[in-house]
Amino acid sequence: MATKQTEKKKLTPEKKKKIKLSENERALFNVIFKNNEEGIKAAAAAKEAGIERTTALGYVDNMVDKELIYVDNDKMLHVNGDFGYVLGCSFGKGETVICLELADFTLASKAFINDLLDGDALKFLDAYNFTSAVDGNEAIWRTETPNSTLQSLADMVDDIGKFVIALDHKINMISLSICFGDHVNNLTKTFVRSRLIPDYPMFNQDIPSTLFSSRVLHQLTDRGITLNCDHNAKAALICERNAQRGVLNPNKIQGGSTGSAIYMGTGLGSALVAGFEPGSGHLIRSDDNGAGCRFGHLKVLSGEDCKGMGTCSCGLTDSGCLEQAVKRIFAGDKDDEGIDFKKASGKEIRTYLENHPEKNEQFVELLSRAIITTCDIINCSFVCFTGRISTFSKVFERQLNLKLIPYNNTIRNTNLKVLYSEIGPNAAAIGMGMIAFFNWLGEEID
């Protein structure tokens, strides 16, 4: 997408908080954003947004004055990407991913950050063994999540906060946005239920005060940097819906659809969206504003097949839920070492399934049962696989399609679309940056 590379003036914390758009301005901004790569003329944007041309020109002037958008030499409107920045973070039991994102939803470059901080950025990344999460120069990294103690995790989160503050001395940092694989209430910023640290379960616990020091929290607040918290499957769905490479873009999904994003981090999470339109739609959440759909804990086994499974992370023993059953498939037996499904990389899982076709068949059977149950309840038009699961989907894709053919042919009037992410494990961190910008502009994300 086009980005205006200019010398940015620093925004005061008050101005960061005040840059809110009216409903009509947001509608116009969304049109400009959707056409950002090629640009769009003001008159065309006004027509598409359903706003009278003269009124729209006033909105354009206002957003240009705020430097939220700019006009190129051909009088085309674009979002000014370097107007503001967000650090998006995704924390799973196995892996943490962080990225620096611009206001046009593109990623900053590693060289850009290094130049800003005169090499100090690398000291923070090296201290936690962050490595590049992509091939290329995009500012997105991953490392193992410290899961030995709550203190070790809090230390890393607090240092991420310090990293954001250091960046804000040079560029306009709008938000630090973090998501987790556990049950999170995004409005109250609390863990509804979390087992991020195996020996330290957290219930209805405030995320900022648990993971950040008071000093860092005060500095973030004083600098006008907001803190957003959410569930990783919700963030991944937002990424797939709005990223240029997202599989839920306008060319793949029909407007008005209802669907599910199945996100695999250390478990099998999911997000549901109703009334889908590119860039909009309603995320479905539970009464406590948390997960909304516990795909990984749908019951897929019963009777004798459940015995000896032990206690799942959902708290139930021998429940026969999907995660519990999948974990047992990969656990191996006396003739097979097996792998830890929750900690193994996508590459390791792919290799294991390729070498054990009978295990792959069992995995597909369980996955298809859970998908059909979900689709029967909410009549999904699509299912999107994202996160770690998309990195080994080629192993099971054909078999899963064969399992779903009878379901589509006998029960449904239309075929269920099954989509596989190109962004994969990085989707949740990138999606958190997008959520932050939506919230910052006053957009109701769900």
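Is tyrosine 85 buried or exposed, and what is its relative accessibility? Some notes on that and a few other spots follow.

1. Keep in mind that this is a predicted model. To take the opening question right away: tyrosine 85 has a relative accessibility of 5%. The cut-off for buried is under 20%, so tyrosine 85 counts as buried.

2. Rings are worth a look here, since the structure holds 21 aromatic pairs. One of them is tyrosine 85 with phenylalanine 112, a stacked pair at 5.7 Å centre to centre with 15° between the planes. Tyrosine 85 belongs to strand E3 (residues 85-91) and phenylalanine 112 to helix H5 (residues 110-116), so this pair ties together parts that are 27 residues apart in sequence.

3. What about the other ring of that pair? Phenylalanine 112 has a relative accessible area of 27%, so it is partly exposed, whereas tyrosine 85 is buried.

4. Strand E3 also supplies phenylalanine 91. Phenylalanine 91 stacks with phenylalanine 180, with 5.5 Å centre to centre and 20° between the planes. Phenylalanine 180 sits in strand E7 (residues 173-180), and the two partners are 89 residues apart, so the pair links distant parts of the chain.

5. Both rings of this second pair are out of reach of the probe or nearly so by the numbers: phenylalanine 91 is at 1% relative accessibility and counts as buried, and phenylalanine 180 is buried with a relative accessible area of 0%.

6. Further along the chain, ring pairs join a cluster made of Phe330, Phe341, Tyr352, Phe363, Phe385, Phe392, Phe396 and Tyr420. Phe341 has a charged visitor too: the charged end of arginine 388 sits over the ring of phenylalanine 341, 5.7 Å from its centre.

7. Now for a sheet. Strands E8, E9 and E10 form an open, antiparallel sheet in the order E8-E9-E10. Strand E8 (183-185) and strand E10 (202-206) are the edge strands, each with a single partner, so one side of each has no neighbour in the sheet. From one strand to the next, the twist averages 15°.

8. Looking at one pairing in that sheet, strand E9 (residues 190-194) and E10 run antiparallel and are joined by four bridges. If you want a place to start on screen, arginine 193 stands opposite phenylalanine 203 in E10. As a reminder, strands of a sheet pair through backbone hydrogen bonds, either parallel or antiparallel.

Methods
Residues are numbered from 1 along each chain as its sequence is written. This is a predicted model: local features need pLDDT of at least 70, side-chain atom pairs count only at pLDDT 80 or more; totals for chains, interfaces and linings use all residues. Side-chain values use heavy atoms; hydrogens and water are left out. Two strands pair if DSSP finds at least two bridges between them. Helices (H or I, at least four residues) and strands (E, at least two) are DSSP runs, numbered from the N terminus. Axes are lines fitted to C-alpha atoms, for helices over the stretch in contact, and angles run from 0 to 180 degrees between N-to-C directions. Rings of Phe, Tyr and Trp (its six-membered ring) pair if their centres lie within 6.5 Å; planes under 30 degrees apart count as stacked, over 60 as edge-to-face and the rest as tilted. Buried means under 20% relative accessible area, exposed over 50%, partly exposed in between (1.4 Å probe, protein chains only). A charge sits over a ring if NZ of Lys or CZ of Arg is within 6 Å of the ring centre and within 35 degrees of the ring normal.
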